[in-house]
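Welcome to a short tour of a protein chain. Have the sequence and the 3D view side by side as you read, and follow along at your own pace.

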Amino acid sequence: MSTVPVALTVNGEQHRLDVEPRLLLVHLLRDRLGLTGTHVGCDTSNCGACTVHLDGEAVKSCTVLAVQADGAEVRTIEGMASPDGTLHPLQEAFWSEHGLQCGYCTPGMIMAAADLLERNPDPSEEEIRQGLEGNLCRCTGYHNIVKAVQVAAKGGTGSATVPGQSAENRSAAEAVVAESGIKP
């Protein structure tokens, strides 16, 4: 089987690989680079679970051949957090606003939302819903997802308190853990 050399930058790291011409970008990311945060949901571009940024634009990586990304810069969900591990404001907002359920759609939702906020830093609720139209969540309605994007757009940490954020919350969390019999 013939291969084609591809050079691309993924989350700031340069990669040179030989790939089959038919290899999809999503499979390059997951199978060759081990970046499994980009999910394969439908293989038909309907669900958006595989959304990444290609040269700064949100794309469904199941619709892009790896050879088409030659020379490009790719950002995945793994590249959203800071190098020190600090979560991106969208990741924080999805957590604080309960914008995730099973988590399968979450990476694609965050990548689509980041693209939206890059183009429109203060979107209305309707603009957020339109911006996320290509991403499906099968667990729940989109209320908390939209709320998370609104919170991130405003630069806040949201209305929900992140466990461990204060001594009072730590004590409450410890009490719940103690009552449940779960050992930390």
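What follows is a walk through this predicted model, from the whole chain to its helices, its hairpin, its cysteines and a few backbone details.

## The chain as a whole

The chain holds six helices and five strands. Reading along the sequence, you meet them in the order β-β-α-β-β-β-α-α-α-α-α. Of its 184 residues, 37% count as buried. Among the contacts with a separation of 6 or more, 53% are between residues 24 or more positions apart. The accessible surface comes to about 10,200 Å², and carbon and sulfur atoms contribute 50% of that area.

## Helix α1 and its surroundings

Let us begin with helix α1, which spans residues 25-32. Its buried residues are Leu25, Val26, Leu28 and Leu29. Viewed down the axis of α1, these buried residues fall within an arc of 170°, so they line one face of the helix. Their cover includes the strands β1, β2, β3 and β5, the last of these at residues 73-75. Just after α1 comes glycine 34, with a positive phi of about 75°.

Further along, in the loop between α1 and β3, sits histidine 39. Is histidine 39 buried or exposed? Its relative accessible area is 15%, and buried means under 20%, so histidine 39 counts as buried. Leaving aside residues up to four places away in sequence, histidine 39 touches Val26, Arg30, Ala49, Cys50, Gly103, Tyr104 and Pro107. One of these contacts, Val26, is also among the buried residues of α1.

## The β3-β4 hairpin

Next, look at strands β3 (residues 51-54) and β4 (residues 57-60), which run antiparallel and are joined by four bridges. Leucine 54 has glutamate 57 of β4 as its bridge partner. The two strands form a hairpin with two residues between them. Aspartate 55 lies in that turn, and its phi is positive, at about 50°. With a relative accessible area of 54%, aspartate 55 is exposed.

## Helices α2 and α5

Which residues of α2 are buried? They are Leu90, Gln91, Ala93, Phe94 and Ser96, and they pack against α3 and α5. After α2 comes histidine 98, whose phi is positive, near 55°.

Helix α5 covers residues 143-154 and so has its own place later in the chain. Its 12 residues reach 17 Å from the first C-alpha to the last, close to the 16 Å expected at 1.5 Å a residue. The buried residues of α5 are Ile145, Val146, Ala148, Val149, Val151 and Ala152. What covers them includes α2 (89-96), α3 (106-119) and α4 (125-131). Just after α5, glycine 155 takes a positive phi of about 75°.

## The cysteines

How many disulfides does the chain have, if a disulfide needs two cysteine sulfur atoms within 2.5 Å? By this rule the count is zero. Cysteine 42 is in no disulfide, and the nearest cysteine sulfur, in cysteine 47, is 3.7 Å away. At 24% relative accessibility, cysteine 42 is partly exposed.

Why does cysteine 139 form no bond with cysteine 102? The cysteine 102 sulfur is the closest cysteine sulfur to that of cysteine 139, but at 3.6 Å it is too far for a bond, because the cut-off for a disulfide is 2.5 Å. Cysteine 139 is partly exposed, with a relative accessible area of 42%.

## Positive phi angles

Several residues with a positive phi came up along the way, and the table gathers them with one more, asparagine 11.

| Residue | Place | Phi |
|---|---|---|
| Asparagine 11 | loop between β1 and β2 | about 50° |
| Glycine 34 | just after α1 | about 75° |
| Aspartate 55 | loop between β3 and β4 | about 50° |
| Histidine 98 | following α2 | near 55° |
| Glycine 155 | just after α5 | about 75° |

Asparagine 11 has its positive phi although it is not a glycine, and aspartate 55 likewise is not a glycine. The loop that holds asparagine 11 runs between β1 (4-10) and β2 (13-19). Asparagine 11 is partly exposed, with a relative accessible area of 28%, whereas aspartate 55 is exposed at 54%.

Definitions and conventions
Residues are numbered from 1 along each chain as its sequence is written. This is a predicted model: local features need pLDDT of at least 70, side-chain atom pairs count only at pLDDT 80 or more; totals for chains, interfaces and linings use all residues. Side-chain values use heavy atoms; hydrogens and water are left out. The expected span of a helix is 1.5 Å times one less than its number of residues. Buried means under 20% relative accessible area, exposed over 50%, partly exposed in between (1.4 Å probe, protein chains only). Contact means heavy atoms within 4.5 Å. Two strands pair if DSSP finds at least two bridges between them. Accessible areas come from the Shrake-Rupley method with a 1.4 Å probe; for residues, only the protein chains shown count as cover. The arc is that of the directions from the helix axis to the C-beta atoms.
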